[in-house]
Amino acid sequence: MPRQSTRAIHGHGHEDEWRAVKPPIYQTAVYEHPDRLTGRSRKSDRGFDLKYSREENPTVRALERILAGLEEGLDSLAFGSGMAAISAAYFSKLRAGSRIIIPKECYGATQELARNLGKFGVECVLARSDTGEFLEKLDGGIALALVEPITNPMVRVVDVEEIARRCGELGIPLVVDNTFSTPILLNPLKRGAWIALHSLTKYLAGHNDVIGGAIIVEDRETLQELWEWRRKLGSILSPFDAFLIIRGISTLEVRFEKQCRSALEIAEYLVDHPKVEEVYYPGLADSPYKRVADKIFRRRLYGAVLSFRVRGGRREALKLFRSLKVIKPAPSLGGVESLLTYPIWSAAKNMDPEQRRELGITENLLRLSIGLEDVEDLKEDLGEALSRI
Ligand SMILES: Cc1ncc(COP(=O)(O)O)c(C=O)c1O
């Protein structure tokens, strides 16, 4: 099988009479019935009806084949957003009386949606993101578990392998949200996850210009079930957005490598800075998460998100937040632009003070997503802003 970066470029499997190198944008809502007498539809390459683009679309299929190749899965489904993918996973496994377990530190909307399902009789169990506590809270009655290998905003690394092993013993389907780690660092299906899930909006699309999500599966039954949910929820990705994401993925490896290397350099720079109290990045030699990262990640790379506390409190953090020039204050991550968030206003916005304290989300904490700018410019930008506080 070709290696990962080759699969990222050539794995779309699209062929047509023009022999176009790029899969074209099939901007169509409907496909003609080939058989006007029986109304039988044509089938897509994986045997689903090809009659309506809420169900299947050739450009989206091209992206799905790439994603399946990157994650070494059987197949995949692309959605209009990461949250649409998460919704389909929840719908497929949860019903009244079910319990779902997710980390307290997982993506805000992932957690909110799980809690909101309470009105349909689903119970949401929250666990600390540490591997130990997550393992302790698992039991055979849980219908679904979800983890993020790299947490946000504290950038902890979770031992997905251990969690998947225990979920396997207990028969719990495990969703691994691989958005921060990407297939470059981790292939969750190879570690025992039920499905791998992505917000494609982040590293995979990579340019802060498109929203998308995906689920990669290992078996036909899950594919069929999630495909049905996507059809009913109406949450398939659009062909144009699929085209943009295909283009983004073709440069994933070079982008991600550079972003990770710059993140390590910036983390080391901040560690030595007198105005910085503490830096959180699993690639730092003394990070408590380096050992588990080295165990579960395929490469000696540690992602491109880091967090740090400035000396002082809210006033100093916001001063820095407002005085950066190259780095933009904006949510999201994984794109070419470096972005800074103030977790109290973003990831932890809906958390009560007790939960924030427990997770270490203080008023002087900032989160940085490293983009593709020259790392010296990023350091200078941070240095100048820090000198002002
Ligand atoms: C880890 C993670 N999962 C899922 C999502 C949701 O993805 P989207 O914004 O594409 O719906 C996000 C968004 O920030 C995320 O960070």
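**A chat about strands, helices and two domains**

Colleague: Hi! How many bridges join strand E10 to E11, and how do the two run?

Modeller: Strand E10, residues 276–280, is joined to E11 by four bridges, and the two run antiparallel. Tyr-280 is one residue to look at there, as it stands opposite Ser-307 in E11. Do keep in mind that this is a predicted model.

Colleague: Noted. Which residue in E14 is the bridge partner of Leu-306?

Modeller: That is Leu-368. E11 pairs with strand E14 (residues 365–369) over five bridges, in the antiparallel sense.

Colleague: Is E11 buried or exposed, then?

Modeller: Six of the six residues of E11 are buried, so the strand is largely enclosed by the rest of the structure.

Colleague: And what is on each of the faces of E11?

Modeller: Val-305, Ser-307 and Arg-309 are on one side, with Leu-306, Phe-308 and Val-310 on the other, and all of them are buried. For background, side chains in a regular strand alternate between the two faces of the sheet.

Colleague: What about Ala-304, where is it found?

Modeller: Ala-304 is in the loop between helix H11 (290–296) and strand E11 (305–310). Ala-304 is buried because 31 other C-beta atoms lie within 10 Å of its own, and the cut-off for that label is 20 or more.

Colleague: Which residues is Ala-304 in contact with?

Modeller: Leaving aside neighbours within four places in sequence, Ala-304 is in contact with Gln-259, Cys-260, Ala-263, Ser-369 and Ile-370. You can also look at Gly-334: it is 30 residues from Ala-304 along the chain, yet their C-alpha atoms are separated by 7.4 Å.

Colleague: Let's zoom out. How is the protein chain divided?

Modeller: There are two parts, domain 1 (4–249) and domain 2 (252–387). Their C-alpha centres lie 27 Å apart. At the place where they touch, 32 residues of domain 1 are in contact with 35 residues of domain 2.

Colleague: Which elements give two or more residues to the side of domain 1 that touches domain 2?

Modeller: Those are helices H1 (4–10), H4 (108–116), H6 (160–170) and H7 (182–185). Sorted by class, that side of domain 1 has 15 nonpolar, ten polar and seven charged residues.

Colleague: How many residues has the largest nonpolar core?

Modeller: It has 117 residues, and those with the most contacts inside it are Leu-174, Val-175, Ile-195, Ile-215, Ile-245 and Leu-306. Helix H10 (residues 252–271) gives the largest share of this core, eight residues.

Colleague: Why does the core lie between the domains?

Modeller: Because domain 1 (4–249) and domain 2 (252–387) both give residues to it.

Colleague: Pick one of those core residues. What does Ile-215 touch?

Modeller: Not counting residues up to four places away in sequence, Ile-215 touches Ser-76, Leu-77, Ala-85, Ala-88, Ala-89, Ile-195, Leu-197 and Leu-226.

Colleague: Now the open sheet of seven strands. What is the order?

Modeller: The order is E3-E9-E8-E7-E6-E4-E5, and the pairing is mixed. E3 (75–79) and E5 (123–127) stand at the edges with a single partner strand each, so each has one side without a neighbour in the sheet. On average, neighbouring strands are turned by 20° against each other, direction ignored.

Colleague: How do E4 and E5 run?

Modeller: Parallel, with five bridges joining strand E4 (residues 99–103) to E5. Arg-99 stands opposite Glu-123 in E5.

Colleague: Which strands does H6 lie across?

Modeller: H6 lies across E6 (144–147) and E7 (174–177), and runs at about 160° to E7. Helix H8 (residues 220–233) also packs on the sheet, touching E3, E8 (195–199) and E9 (213–217). The direction of H8 makes about 15° with that of E3.

Colleague: How many residues of helix H9 are buried?

Modeller: Nine of the eleven residues of H9 (residues 239–249) are buried. Those buried residues pack against H1, helix H2 (58–71), E3 and H10.

Colleague: Last topic, the backbone. Where is there a cis peptide bond?

Modeller: A cis bond joins Asn-152 and Pro-153, with omega about 10°. Pro-153 lies in the loop between E6 and H6. Val-155 is also in the loop between E6 and H6, and its phi is positive, near 55°. In general, most residues other than glycine have a negative phi, and most peptide bonds are trans.

Colleague: Is Val-155 buried or exposed?

Modeller: Val-155 is buried, with 26 other C-beta atoms within 10 Å. Asn-208, in the loop between E8 and E9, has a positive phi near 55° too. Asn-208 counts as partly exposed because it has 18 C-beta neighbours inside 10 Å.

Notes
Residues numbered from 1 in each chain as written. Predicted model: local features only at pLDDT ≥ 70, side-chain atom pairs only at ≥ 80, totals over all residues. Core = buried A, V, L, I, M, F, W, Y, C linked by C-beta atoms within 7 Å. Buried ≥ 20, exposed ≤ 12 C-beta atoms within 10 Å, placed from the backbone. Domains from an automatic or database assignment. Contact = placed C-beta atoms within 7 Å. Nonpolar A, V, L, I, M, F, W, Y, C, P; charged D, E, K, R; others polar. Pairing = 2+ DSSP bridges. Axes fitted to C-alpha atoms, helices over the stretch in contact; angles between N-to-C directions.
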